[in-house]
Amino acid sequence: MTGTLPRMLLNFCILTIIFSCNQTPDPKGKNIQNPPNISLLINQGKKYQAAHIDSLLPIAEKLMLTAKTTANKTALVYGELFTSHYYWQSGSHQKSMEAAVKCLADAEKWNIKEAYPEIYLIMGNLHKENANYKMAFDAQEKGLNWAKIQHDTASIISLLNLRAMFIHTYRLLNGDQSHIDTSINIQLATLKMAESNIKYERLRIPLYDNISQYYLNNKDYNKAIYYGEKGATTALKFNQQRSLTYSYSWLGEAYYFKGDKPRGLDYLNKALSIALLLKQPYREMELYEHFYDCYYSSGDYKAALSAIMRSHKLRDSLQVSVNEKQISELEIKYGSAKKDKEIAFMSHSGEVKNRQIILILAGSLLFLIFSVILVLQYRILYRDNSLIKKSNVEKDQALENIAYIQAHELRKPVASIMGLINLIKATDYEVDKEAITKLEEASKELDTKIRSIITQVETD
């Protein structure tokens with residue numbers, strides 16, 4: 001008896017702990033190491049993003065096919081990311097946002113955190129190009145936070161530059177001159193970061209372009225030309241054709257406003273040719289607006305009217321105003337659905353946690369009761385050996401005293417505990433504060449009685 005009971009008690013406790021602490025494995029899991037061909041496709045896609053978008057879509061399709069055949073989730077997420085980027089550069093903003101939202105959902109589902117900064121960068125640009133600066137800043141901030149968490153310096157540079165660009169263009173769009181334009185400080189600090197290491201050289205291109213635009217808008221044409229030329233040189237070095245359209249457009253306007261109109265128009269026409277070659281309708285629309293600014297400033301109203309009409313025609317074909325509402329609704333719907341899932345998950349987790357608490361508590365109470373019985377039996381057997389040497393009368397009296405205590409004084413707290421457990425079961429394992437308090441009080445009372453029994457056994 002003395003050998004079997006401890007083993008039974010030990011097995012019971014082990015089973016109780018395993019059952020109560022058992023957790024469903026997290027289905028999320030990122031691919032620890034991607035096959036070489038997937039990493040190669042992802043790197044190729046990143047190079048094509050600011051160069052030849054026609055080459056980007058086949059890369060996205062290859063990644064999606066690889067994901068389908070190998071179940072590699074990183075390939076899936078980056079395939080969706082490049083698809084979103086392709087639609088964004090092609091002017092299909094609604095399709096781009098749909099792909100970006102799906103990409104974000106899959107990145108969260110499969111824990112592909114390294115893709116977060118770039119996903120939010122695309123979302124921020126889409127909102128900005130559709131004049132929704134509130135959501136643009138929100139997406140940029142989320143991307144920057146993730147980049148900082150992952151110590152992703154390249155993404156930090158890109159997203160800080162994006163923030164500076166948003167600040168500057170928002171002030172221009174709204175004519176806000178009441179606050180100091182802090183974008184140049186962010187851009188120059190970020191450029192210093194990008195110039196600290198040669199591996200960030202390609203990331204300097206948009207910084208040169210945005211700094212050039214800042215000085216152009218502030219009529220410091222010499223500085224605008226200086227940074228515009230640095231941007232153009234670096235863009236040519238890395239074959240970043242889309243970026244080159246920005247360098248050339250700022251150089252064109254700077255030279256035009258400075259008085260060298262032929263040279264200015266030459267740069268603007270070069271930028272337009274590249275945009276047409278790359279099939280970038282949104283850039284075409286923007287460039288015609290730059291032509292309008294130049295012609296209007298010199299009093300060539302006929303050419304200015306022709307340029308702005310072309311810009312408006314492209315804007316209508318791109319459905320910018322319609323996209324603004326639809327794109328915002330897409331991300332809001334995604335955010336709402338995500339919150340609903342989180343609430344449902346939290347509710348389920350709460351129920352599971354409550355049941356685990358009850359199981360642990362019940363197991364602990366049973367363990368305590370069995371421990372008391374084991375201790376009492378051990379004490380009784382020990383005392384029996386001593387009492388054999390004494391009178392049988394004294395032994396019988398001691399046993400009767402213990403039996404009385406077990407039959408009367410222990411029953412009350414044990415009955416309270418069992419009653420509370422039945423009550424918890426009746427309420428589908430929902431535990432409130434009052435029930436836990438009463439369980440604690442009953443346990444303390446039981447502990448007190450047990451200590452009393454042990455004291456009496458030791459003193460008898």
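A charge is taken to sit over a ring if NZ of Lys or CZ of Arg is within 6 Å of the ring centre and within 35 degrees of the ring normal. The model treated here is predicted, so that local features need pLDDT of at least 70 and side-chain atom pairs count only at pLDDT 80 or more, while totals for chains, interfaces and linings use all residues. Residues are numbered from 1 along each chain as its sequence is written, and side-chain values use heavy atoms, with hydrogens and water left out.

**Exercise 1. Charges over rings**

Task: Find which ring lies under the charged end of Lys 73, and which ring Arg 283 lies over.

Solution: For Lys 73, the charged end sits over the ring of Trp 110, at 4.3 Å from the centre of that ring. For Arg 283, the ring is that of Tyr 246, whose face it covers at 3.6 Å from the ring centre.

**Exercise 2. Overall composition**

Task: State how many helices and strands the protein has, and what percentage of its residues is buried.

Solution: Helices (H or I, at least four residues) and strands (E, at least two) are DSSP runs, numbered from the N terminus. The protein has 19 helices and 0 strands. Next, buried means under 20% relative accessible area, exposed over 50%, and partly exposed in between, with a 1.4 Å probe and protein chains only; of the 460 residues in the protein, 43% are buried. Finally, with contact meaning heavy atoms within 4.5 Å, 66% of the contacts between residues at least 6 apart in sequence join residues at least 24 apart.

**Exercise 3. The nonpolar cores**

Task: Describe the largest nonpolar core and the helices that supply it.

Solution: A nonpolar core is a set of buried Ala, Val, Leu, Ile, Met, Phe, Trp, Tyr and Cys residues joined through side-chain atoms within 4.5 Å. The largest one has 45 residues, and Tyr 215, Tyr 248, Leu 251 and Phe 291 have the most contacts inside it. At least two residues of this core come from each of α9 (183-194), α10 (204-217), α11 (221-237), α12 (241-258), α13 (261-278), α14 (281-297) and α15 (301-318), and α12 gives the largest share, 8 residues. Taking Phe 291 by itself, and not counting residues up to four places away in sequence, one finds that it touches Leu 265, Leu 268, Asn 269, Leu 272 and Ala 307. A second, separate core has 33 residues, including Leu 56, Ile 59, Leu 63 and Ala 139.

**Exercise 4. Aromatic pairs**

Task: Count the aromatic pairs, then classify the pair Phe 137 and Phe 166 and the pair Tyr 255 and Tyr 267.

Solution: Rings of Phe, Tyr and Trp (its six-membered ring) pair if their centres lie within 6.5 Å; planes under 30 degrees apart count as stacked, over 60 as edge-to-face and the rest as tilted. By this rule there are 17 aromatic pairs. Phe 137 and Phe 166 lie 5.7 Å apart, centre to centre, with 85° between the planes, and their pair is edge-to-face. This pair links distant parts of the chain, since Phe 137 is in helix α7 (residues 133-149) and Phe 166 is in helix α8 (residues 153-174), 29 residues apart. Phe 166 counts as buried because its relative accessibility is 0%. Tyr 255 and Tyr 267, by contrast, are stacked, at 5.9 Å centre to centre and 5° between the planes; this pair links helix α12 with helix α13 across 12 residues, and both tyrosines are buried. Lastly, Tyr 133, Phe 137, Phe 166 and Tyr 170 form one aromatic cluster.

**Exercise 5. Two residues of helix α9**

Task: Decide whether Gln 187 is buried or exposed, and do likewise for Asn 185.

Solution: Gln 187 lies in helix α9, and its relative accessible area of 1% is why it is buried. Leaving out residues up to four places away in sequence, Gln 187 touches Asn 161, Ala 164, Met 165, Leu 207, Asn 210, Ile 211 and Tyr 214. Asn 185 is also found in helix α9, but its relative accessibility is 51%, and therefore it counts as exposed. Between Asn 185 and Ala 164 there are 8.4 Å in space, C-alpha to C-alpha, and the two are 21 residues apart in sequence.
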